[in-house]
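This report walks through one protein chain, strand by strand and helix by helix. Keep the sequence and the model side by side while reading.

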Amino acid sequence: MSVAVATKLRGKRICICAGSGGVGKTTISAALAIGLAARGARVAVVTIDPARRLAQSLGLAELGNEPRLVDPARFAAAGVQIDGELWAMMLDPKQTFDEMVARLAPDASTREEVFQNRIYQQLSNAVAGSQEFSAVAKLHELHRDGQFDALVLDTPPSRNALDFLEAPTRLTSFLEGRAVRLLLAPPGLASKVVGRGTGLVFSVLRRVTGVDLLTDISAFLRALGGVLEGFREQANAVGGLLRDRETTFLIVSSPEREPVEEAIFFRDQLRRHDMPFGGLIVNRVQPAELLLGDPARARGALAVPLGDRLAERVIANASDLRSLAERDRASIERLQRELGEPFTVLIEEQAADVYDLASLGQVAGALFAEDAA
Ligand SMILES: Nc1ncnc2c1ncn2[C@@H]1O[C@H](COP(=O)(O)OP(=O)(O)OP(=O)(O)O)[C@@H](O)[C@H]1O
Ligand SMILES: [Mg+2]
């Protein structure tokens with residue numbers, strides 16, 4: 001059974017679109033946000049690596065790590081009526097991470113010391129590179145600022161759903177881990193534990209490369225020590241936000257085999273992490289009408305305007321499409337069974353890529369369609 005997405009979002013303020021690579025997470029996030037804004041809400045959508053044409057449609061061509069209002073004139077030109085406001089941004093993971101550290105630093109000199117540090121530069125790139133942590137941190141920041149009625153978060157094309165769900169805790173467990181604690185320990189103790197052998201390695205490294213890694217590492221960790229407490233609180237708060245009553249995860253899938261398996265896995269991980277599953281959206285479904293209709297009757301009807309040969313070709317095409325549609329139906333049934341979710345939102349395969357406001361508006365219309373049967 002197909003239903004409208006509105007019932008799934010009732011009482012929610014944060015909606016996270018998760019799912020396998022390429023299923024349409026970014027498209028659906030943007031369309032959901034448009035649908036909510038159309039109904040009068042002040043919405044921000046955080047997109048991750050949107051296709052260039054989509055970014056342009058949302059007016060995101062310029063950089064910037066804050067949501068910007070999508071010019072209402074753009075919607076008017078596309079014939080999409082918006083009663084609220086749509087704000088959109090492209091996540092800049094490195095900048096998000098830097099801003100968070102800057103906020104947490106107790107004073108300007110600690111902040112500068114951290115930023116100048118080579119280890120930090122590497123670490124922040126690595127963390128930013130994983131995107132997951134920054135995405136959730138940004139979500140938390142926007143939520144805390146309280147400027148929006150609703151936030152929609154797109155998620156990175158993770159190969160593994162856990163990267164996202166565990167992002168808030170992974171970094172703190174690293175920072176609180178044994179290796180870091182040892183290096184943060186008083187100098188005497190640290191050198192005793194690190195041992196002479198390691199010390200030798202570092203000093204050889206320094207002579208050969210000119211890079212004083214040990215000094216860099218300990219300077220980094222000392223500076224970071226002042227940020228660590230705030231970091232832990234932040235990560236807890238961010239983790240808490242993912243479990244909040246007002247947060248919901250929508251799992252997006254296509255009817256293809258791999259995304260279906262990943263959706264099932266992700267549902268299971270949400271349960272294990274005690275995070276709220278809000279519903280299933282199956283995108284790029286073959287139009288359902290193709291499943292209906294009797295080929296013989298269709299042939300009879302088509303032969304009149306098209307002639308026999310053309311009618312035959314159309315029917316052959318239709319029958320290919322019908323088997324695709326039947327495959328889709330089997331996938332959808334499997335998903336509904338495995339996810340324990342009989343009320344699925346189905347979005348049809350559109351005639352072309354979805355990147356301009358008019359086609360996003362159409363997908364939004366389908367997402368919120370009241371008469372979905
Ligand atoms: N219902 C649809 N009909 C036709 N094309 C679609 C539909 N949904 C999405 N697309 C197209 O599929 C492509 C992939 O969509 P999108 O970028 O939203 O996926 P994604 O899940 O965000 O991918 P990634 O995992 O790489 O971030 C885009 O070109 C988009 O326009
Ligand atoms: Mg995407």
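## A buried strand

This is a predicted model. Start with strand β6, residues 247–253. Seven of its seven residues are buried, so the strand is largely enclosed by the rest of the structure.

Its side chains split between two directions. Thr-247, Phe-249, Ile-251 and Ser-253 point one way from β6. Thr-248, Leu-250 and Val-252 point the other way. Both sets are buried.

## Neighbours of β6

Strand β1, residues 14–19, runs parallel to β6 and is joined to it by six bridges. One position to look at is Cys-17, whose bridge partner in β6 is Leu-250.

Strand β7, residues 277–285, also pairs with β6 in parallel, through five bridges. Ile-251 stands opposite Leu-280 of β7. Phe-249 stands opposite Phe-277, again in β7.

## The whole sheet

Where does β6 sit in the sheet order? The sheet is open, has eight strands and runs β3-β4-β2-β5-β1-β6-β7-β8, so β6 is found between β1 and β7. Pairing in this sheet is mixed. β3 and β8 (345–348) stand at the edges. Each has a single partner strand, so one side of each is left without a neighbour in the sheet.

Helices pack on this sheet. Helix α14 touches β1, β6 and β7, and its direction makes about 160° with that of β6. Helix α16 touches β6 and β7, and its direction makes about 175° with that of β7.

## Two helices, side by side

Helix α14 covers residues 257–272. Together with β6 and β7, α14 makes a right-handed β-α-β unit.

How do the axes of α14 and α16 (residues 308–339) cross? They come within 10 Å and cross at roughly 10°. Angles under 35 degrees count as roughly parallel, so α14 is roughly parallel to α16. At the contact, α14 supplies Val-260, Ala-263, Ile-264 and Arg-267. From α16 come Ser-331, Arg-334, Leu-335, Glu-338 and Leu-339.

## The β3-β4-β2 side

Strand β2 (residues 42–47) pairs with strand β4 (residues 85–90) in the parallel sense, over six bridges. Val-43 has Leu-86 as its bridge partner in β4.

Strand β3 (residues 68–69) runs antiparallel to β4, with two bridges joining them. Arg-68 stands opposite Ala-88 of β4.

## The nonpolar core

Which residues have the most contacts inside the largest nonpolar core? They are Ala-33, Ile-34, Val-43 and Leu-367, in a core of 94 residues. In soluble globular proteins, nonpolar side chains tend to be buried together.

Val-43 shows what such a position touches. Leaving out residues up to four places away in sequence, its contacts include Ala-33, Leu-36 and Ala-37. Gly-84, Glu-85, Leu-86 and Trp-87 are also among them. So are Phe-148, Asp-149, Ala-150 and Val-152. Leu-86 thus appears twice: as a contact of Val-43 and as its bridge partner.

## Chain totals

The chain has 373 residues, and buried residues make up 38% of them. Its secondary structure comes to 17 helices and eight strands.

Contacts reach across the sequence. Of those with a separation of 6 or more, 78% link residues 24 or more positions apart.

Terms used. Residues numbered from 1 in each chain as written. Chains lettered and ligands numbered in written order. Predicted model: local features only at pLDDT ≥ 70, side-chain atom pairs only at ≥ 80, totals over all residues. Buried ≥ 20, exposed ≤ 12 C-beta atoms within 10 Å, placed from the backbone. Helix = DSSP H or I, 4+ residues; strand = E, 2+ residues; numbered from the N terminus. Pairing = 2+ DSSP bridges. Right-handed = clockwise from strand over helix to strand, strands pointing away. Core = buried A, V, L, I, M, F, W, Y, C linked by C-beta atoms within 7 Å. Contact = placed C-beta atoms within 7 Å. Axes fitted to C-alpha atoms, helices over the stretch in contact; angles between N-to-C directions. Parallel < 35°, antiparallel > 145°, perpendicular 65-115°, else oblique.
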